[in-house]
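Welcome! Let us take a friendly walk through this structure, one element at a time.

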Amino acid sequence: MRDAVGKLLLFGATGDLSQRMLLPSLYGLHADGLLPKGLTITGTARSEQDDDAFRDFTRTALDTFLAEDRKDADMIDSFLARLQYQPLDASTLEGFDDLARKIGDISGGLAIFLSTAPWLFGPTIKGLQSAGLAGDNVRIGLEKPLGKDLETSREINDIVVAGFPEERTFRIDHYLGKETVQNILALRFGNSMFEPIWNARGIDHVQITISETVGLEGRAGYYDEVGALRDMVQNHMLQLLALIAMEPPARFDGTAIRDEKVKVLRSLRPIAVEDVPHHTVTGQYDAGAVKGEIVRGYDEELGKDSRTETFVALKAHVDNWRWQGVPFYLRTGKRMPERRSEIVIQFKPVPHSIFAERGGMLRPNILAIRLQPEEYVRLLVMAKQPGLDREGVRLREVPLNLSLDTEFAGTRRRIAYERLLLDLIEGDPTLFVRRDEVEAQWQWIDAIRAGWDANDVKPKPYPSGSWGPSSSIALTERDGVTWNE
């Protein structure tokens with residue numbers, strides 16, 4: 001085991017994220033024998049309850065969100081025995097000493113998972129310091145949002161670094177905990193066939209799509225302040241872009257991998273104010289039908305008029321030697337026809353077709369990496385259709401599939417938070433985001449938002465159940481590219 005701690009502290013322990021993800025993930029690690037033997041888990045939030053009430057709360061969460069085949073009464077009981085609870089109002093220093101007493105001796109190390117509103121970061125860090133819970137053997141994991149622009153992100157990071165230096169700060173992007181995202185590294189750097197053509201000479205363009213069928217789903221207050229660009233592009237999508245575009249790291253460790261990612265993020269070409277209307281599209285869903293269900297428009301669902309974007313499509317460039325001239329098309333939106341997270345890499349066509357005179361039509365090869373809901377890697381290649389070919393060679397595009405769900409059917413598919421929580425407990429920073437990455441992402445996003453303001457860009461309406469405004473189609477078709485749908 002790596003540098004594992006003996007205590008875990010969960011802020012926001014009674015919140016939605018804790019119920020759906022954190023507690024089920026910790027149970028999964030416990031059931032598989034992956035948590036340190038003596039690890040105790042202390043939950044804290046504003047709600048007044050004792051240890052037994054928190055254990056009952058956790059039992060209900062596990063009953064609701066665990067898969068049936070993972071429910072084991074004895075195992076759940078042994079997991080609940082790890083739990084304790086201390087109520088706390090994190091906005092004031094009062095109560096942190098009681099929290100420290102509840103946690104007990106931290107000489108064996110403490111990991112903190114902070115899932116609170118950003119305005120509470122400052123008081124929480126001060127409270128942890130005042131109670132002796134921010135020493136050299138304490139590390140902290142930070143759940144987004146980490147600011148709404150570069151300035152506020154720096155303010156939050158400055159607050160955090162006052163108590164936790166960079167090497168003990170773990171910024172969470174849950175997409176990096178997904179198995180298929182990590183398979184991008186295995187695909188690129190574990191196979192010799194791709195690297196020679198993984199550049200501007202071999203790749204025509206890259207598409208990254210994250211589509212959701214849901215609307216606000218109880219996040220109205222947060223989402224209307226943030227919008228799709230900040231909520232999805234600034235973190236998840238730019239992290240995926242960085243993994244696709246990064247140079248080969250010298251080794252598989254947190255420093256080497258994050259060094260290469262930040263180089264990509266700093267190489268993103270700023271979208272100039274005059275180019276924003278041509279390189280970006282914003283939209284907001286209207287009423288429509290998703291999977292046969294009639295749904296309301298964003299303004300109606302929100303209860304007021306709003307200019308917040310629920311859809312973004314944009315064209316990006318990475319200005320370095322490897323990717324010069326290769327467009328990266330990104331799109332994300334709510335109330336789309338289907339839930340999908342996918343990276344599509346279209347290679348350049350062969351320089352000369354020997355089949356053209358005999359009727360053979362070639363299509364460029366495509367590599368599709370599906371992250372959710374299915375998990376697969378699919379390479380589309382050209383193959384000859386069976387036959388005597390008396391009227392010409394007939395070619396057809398066929399898929400070479402690697403389905404992770406099928407190939408690893410005997411291996412349990414883990415929640416992304418299982419890996420991230422275990423890495424936090426064991427102190428492995430590889431799948432967490434470093435401060436310079438976050439700030440490079442915000443710098444690029446802020447320029448887009450400034451361009452929207454300067455050009456008075458308003459979200460274009462699109463019907464729920466569609467793939468966004470029609471102008472998102474024009475964004476790619478101007479370059480002779482079609483979105484992969």
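Two strands are said to pair if DSSP finds at least two bridges between them. By that rule, β13 (residues 340-347) and β14 (residues 366-372) pair in the antiparallel sense, over six bridges. One of the matched positions is Ile343, whose bridge partner in β14 is Ile369. Please keep in mind that this is a predicted model.

## The sheet

Strands β13 and β14 belong to an open sheet of nine strands, in the order β16-β15-β14-β13-β7-β12-β11-β8-β17, and the pairing is mixed. At the edges stand β16 (395-403) and β17 (460-463); each has a single partner strand, so one side of each is left without a neighbour in the sheet. From one strand to the next, the twist averages 20°.

Helices pack on this sheet too. Helix α8 (residues 220-245) touches β7 (203-211), β11 (311-317), β12 (327-333), β13 and β14, and its direction makes about 145° with that of β12. Helix α14 (residues 435-454) lies across β8 and β11, running at about 120° to β11.

## Strand β7 and its partners

Strands of a sheet pair through backbone hydrogen bonds, either parallel or antiparallel. Strand β7 offers an example of each. With β13, strand β7 runs antiparallel and is joined by eight bridges; with β12, strand β7 runs parallel and is joined by six bridges. Ile203 stands opposite Phe347 in β13, while Ser211 stands opposite Gly333 in β12.

Is β7 mostly covered or mostly open? It is mostly covered, as eight of its nine residues are buried.

Gln207 is found in this strand, β7. Why does Gln207 count as buried? Its relative accessible area is 3%, and buried means under 20%. The side chain of Gln207 is joined to that of His205 by a polar contact of 3.3 Å. Leaving aside neighbours within four places in sequence, Gln207 is in contact with several residues, among them Tyr329, Glu342, Ile343, Val481 and Trp483.

## Aromatic rings

Across the whole structure, a search finds eleven aromatic pairs. Two of them are set side by side here.

| Pair | Centre to centre | Angle between planes | Arrangement |
|---|---|---|---|
| Phe54 and Tyr85 | 5.2 Å | 35° | tilted |
| Tyr285 and Tyr298 | 5.7 Å | 90° | edge-to-face |

Why is the pair of Phe54 and Tyr85 tilted? Its planes are at 35°, and planes under 30 degrees apart count as stacked, over 60 as edge-to-face and the rest as tilted. This pair links distant parts of the chain: Phe54 sits in helix α2 (residues 51-65) and Tyr85 in strand β3 (residues 83-87), 31 residues apart. Both Phe54 and Tyr85 are buried. Ring pairs also bring in Phe57, which forms a cluster with Phe54 and Tyr85.

In the other pair, Tyr285 lies in strand β8 (residues 280-286) and Tyr298 in helix α11 (residues 298-302), so the pair ties together parts that are 13 residues apart in sequence. Tyr285 and Tyr298 are both buried.

## Charges over rings

Tyr285 has a further partner: Arg335 lies over the face of Tyr285, at 5.7 Å from the ring centre. A similar arrangement is found at Tyr175, where Lys178 lies over the face of the ring, at 5.0 Å from its centre.

Methods:
Residues numbered from 1 in each chain as written. Predicted model: local features only at pLDDT ≥ 70, side-chain atom pairs only at ≥ 80, totals over all residues. Heavy atoms only, no water. Phe/Tyr/Trp six-rings, centres within 6.5 Å; stacked < 30°, edge-to-face > 60°. Helix = DSSP H or I, 4+ residues; strand = E, 2+ residues; numbered from the N terminus. Buried < 20%, exposed > 50% of the residue type's maximum accessible area, 1.4 Å probe, protein only. Lys NZ or Arg CZ within 6 Å of the ring centre and 35° of its normal. Axes fitted to C-alpha atoms, helices over the stretch in contact; angles between N-to-C directions. Contact = heavy atoms within 4.5 Å. Polar contact = N/O pair within 3.5 Å; in protein donor to acceptor, adjacent residues only side chain to side chain.
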